[in-house]
Amino acid sequence: MVLQELTSLSRDAADGRAEIRLPTALIDHCGGQAVLFLPARTIGDALDGLVAAHPALRRHLFADTGGLRGYVNVFLNEDELRTLPAGLSERVQEGDVIMVVPSIAGG
Amino acid sequence: MNGLSASELKRYSRHLALPDVGIEGQLALRAGKVAIVGAGGLGSPTGMYLAAAGVGKIGLIDFDVVDLTNLQRQVLFSTDDVGRGKVESAAARLRGINPDVDVIGHNVRLASDNALDILSGYDVVIDGTDNFPTRYLVNDACVLLGKPYIYGSILRFEGQVSVFDAQRGPCYRCLFREPPPPGLVPSCAEGGVLGVLPGIIGSLQALETLKLLIGAGDSLIGRLALFDALSFRWRELKLKKNDDCPACGVNPTITALIDYEDFCGLKGTAMSSDTPGAVREITATELKKRLDAGEALTLVDVREPYEWDIANLEAYGAKLIPLGDITDRADEIDRSREIVVYCRSGKRSESAVRHLQGQGFDNIWNLRGGINGWATEVDPDMGTY
């Protein structure tokens with residue numbers, strides 16, 4: 001019971017860090033880092049934190065209207081953002097991985 | 001008796017030993033018809049493995065010729081093939097691997113006016129192209145024809161692979177609703193690619209094709225596999241059909257092939273300086289003449305740092321601002337003088353010029369043919385890449 005509560009506390013910690021993985025096509029805009037850890041409660045928090053820390057990424061991820069660009073997909077673990085019930089408000093828990101997957105065309 | 005000749009029984013003996021293949025599976029491969037769009041890095045391993053496996057009919061679609069820069073990864077070709085047509089060279093190679101395979105060469109650029117006609121002759125379509133317009137074209141043609149589309153894509157050290165089949169799962173447009181603006185996502189020519197990477201991803205495309213033809217195993221339909229070669233990490237993501245997809249959704253709006261160059265924003269580049277909003281071009285010869293005459297010009301190189309190290313125009317005061325940084329660093333460009341922007345071949349710099357024009361830079365030119373044009377016209381010792 002105590003263990004469960006501790007686990008629950010840890011998972012709901014507001015200052016939990018989200019792991020964000022960026023593809024090679026975007027890492028030039030964030031200092032070459034492919035993996036970043038940012039404090040975030042939700043996917044939206046994580047992406048906001050990402051572009052706040054690396055402003056050059058903003059126009060690659062977000063349209064001027066604020067929505068995610070159509071050639072960029074965001075996954076929480078193995079699930080695509082738009083298939084998640086809460087979308088950008090989906091809670092991020094300890095150990096979760098947010099993956100940014102853009103279209104690439106090399107062949 | 002069993003449908004395979006004595007020679008086939010021997011050639012495919014390792015397939016016949018597999019419970020999931022056997023004689024029935026081998027006959028299915030022999031009856032299979034597969035189109036490979038693009039005889040490049042991905043098309044090389046897919047073509048070779050499909051031919052070796054005994055796929056009955058392989059269609060190769062490409063319009064290009066073999067270039068020296070291809071050989072680092074396009075293992076279909078040898079040094080002697082440089083300058084030859086890709087389809088002709090590749091077809092000869094595949095026939096050499098397996099003379100029983102019917103190799104059909106389509107020495108054309110796949111386009112809206114021929115794609116349905118060409119691809120309708122095949123059961124499965126493999127995408128080994130290197131550009132966004134053709135990828136959307138292949139996807140839409142496959143959706144309209146009801147054929148599976150074996151997707152693979154690579155850049156630097158990363159690859160993506162999936163199987164799109166609108167009748168059983170999502171299509172390419174379900175995942176990527178719109179193409180990136182021209183110049184935003186680097187191509188392999190710009191960003192580079194490790195030579196073995198298309199070997200890995202293309203082999204997986206061949207694998208998924210063979211599984212579909214045989215009807216064995218679990219297909220990648222509804223899944224996207226990502227490979228990062230540097231960290232040796234695989235990830236598998238779930239893909240779902242998008243009900244709003246314009247190609248395969250509930251109410252599709254794409255009921256015929258469209259203009260894919262236009263869709264990807266690659267049209268409307270008027271070269272006349274009289275056209276409002278057009279990108280003005282200057283040739284390397286003309287630029288050299290003006291520089292030699294002592295004209296003060298601002299030269300901006302929008303390539304990547306590694307390209308700058310290969311060759312640059314620093315001797316003429318060029319400044320490196322990679323295309324991805326051009327928005328943030330536009331204020332570093334001296335706009336009191338005429339500006340000439342260049343890249344490797346002239347495409348990225350055209351995109352940069354358009355962008356800068358939008359920010360009020362009006363006295364600005366694109367170097368036609370990029371630094372490769374400069375090397376060809378002005379400084380042959382520089383070499384092209």
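Asp62(B) is buried, with 26 other C-beta atoms within 10 Å. This residue of the predicted model lies in the loop between β2 (57-61) and α5 (86-97) of chain B. Leaving aside neighbours within four places in sequence, Asp62(B) is in contact with Gly38(B), Ala39(B), Lys86(B) and Val87(B). Asn107(B) is 45 residues away from Asp62(B) in sequence, yet the two are 5.4 Å apart in space, measured out in the model from C-alpha to C-alpha. That separation of 5.4 Å is a computed value, and "measured out" above should be read in that sense.

## Loop residues with positive phi

Two further residues of chain B lie in loops and have a positive phi although neither is a glycine. Arg156(B) has a phi of about 55°, and Phe232(B) has a phi of about 45°. The table sets out their places and surroundings.

| Residue | Phi | Loop in chain B | C-beta neighbours within 10 Å | Class |
|---|---|---|---|---|
| Arg156(B) | about 55° | between β5 and β6 | 21 | buried |
| Phe232(B) | about 45° | between β7 (223-228) and β8 | 8 | exposed |

Why does Arg156(B) count as buried? A residue is buried if 20 or more other C-beta atoms lie within 10 Å of its own, and Arg156(B) has 21 such neighbours. Phe232(B), with 8 other C-beta atoms within 10 Å, is exposed.

## Helix α7 and the parallel sheet of chain B

Helix α7 of chain B covers residues 132-145, which makes 14 residues. From its first C-alpha to its last, α7(B) reaches 20 Å, close to the 20 Å expected at 1.5 Å a residue. The helix is mostly covered, since 13 of its 14 residues are buried. Gly146(B) follows α7(B) and has a positive phi, near 70°.

Chain B also holds an open sheet of five strands with parallel pairing, in the order β9-β13-β12-β10-β11. At its edges are β9 (281-282) and β11 (319-320) of chain B, each of which pairs on one side only. Within this sheet, strand β10 (residues 297-301) of chain B and strand β12 (residues 338-342) of chain B are joined in the parallel sense by five bridges. In this pairing, Leu297(B) stands opposite Glu338(B) in β12(B).

## The fold of chain A

Chain A has three helices and five strands. Along the sequence they follow the pattern α-β-β-α-α-β-β-β. Of the 107 residues of chain A, 34% count as buried. Among the contacts in chain A with a separation of 6 or more, 58% come from residues 24 or more positions apart.

The five strands form an open sheet with mixed pairing, in the order β2-β1-β5-β3-β4 (chain A). β2 (35-39) and β4 (79-80) of chain A stand at the edges with a single partner strand each, so one side of each is left without a neighbour in the sheet. Strand β1 (residues 17-21) of chain A is joined to β2(A) by five bridges, and the two run antiparallel. Ala18(A) stands opposite Leu38(A) in β2(A). Helix α2 (residues 43-53) of chain A packs on the sheet, where it touches β1, β2, β3 (72-76) and β5 (97-102) of chain A. The direction of α2(A) makes about 115° with that of β2(A).

## Where the two chains meet

At the interface, 39 residues of chain B are in contact with 23 residues of chain A. On the side of chain B that touches chain A, α7, β5 (149-155), β6 (158-164) and β8 (233-238) of chain B each supply at least two residues. β8(B) gives the most, with four residues. By class, this side of chain B has 16 nonpolar, eleven polar and twelve charged residues.

## Confidence in chain A

The average pLDDT of chain A is 84, and 86% of the residues score at least 70. Which elements of chain A have the lowest and the highest mean pLDDT? Helix α1 (residues 2-12) of chain A has the lowest, at 39, and β4(A) has the highest, at 96. Over residues 1-14 of chain A, pLDDT stays under 50. For this stretch the model has four contacts beyond four places in sequence.

Technical notes. Residues are numbered from 1 along each chain as its sequence is written. Chains are lettered from A and ligands numbered from 1 in the order in which they are written. This is a predicted model: local features need pLDDT of at least 70, side-chain atom pairs count only at pLDDT 80 or more; totals for chains, interfaces and linings use all residues. Two strands pair if DSSP finds at least two bridges between them. Two residues are in contact if their C-beta atoms, placed from the backbone, lie within 7 Å. Axes are lines fitted to C-alpha atoms, for helices over the stretch in contact, and angles run from 0 to 180 degrees between N-to-C directions. The expected span of a helix is 1.5 Å times one less than its number of residues. A residue is buried if 20 or more other C-beta atoms lie within 10 Å of its own, exposed if 12 or fewer, and partly exposed in between; C-beta atoms are placed from the backbone. Ala, Val, Leu, Ile, Met, Phe, Trp, Tyr, Cys and Pro count as nonpolar, Asp, Glu, Lys and Arg as charged, and the others, Gly among them, as polar. pLDDT is the predictor's confidence in each residue, from 0 to 100.
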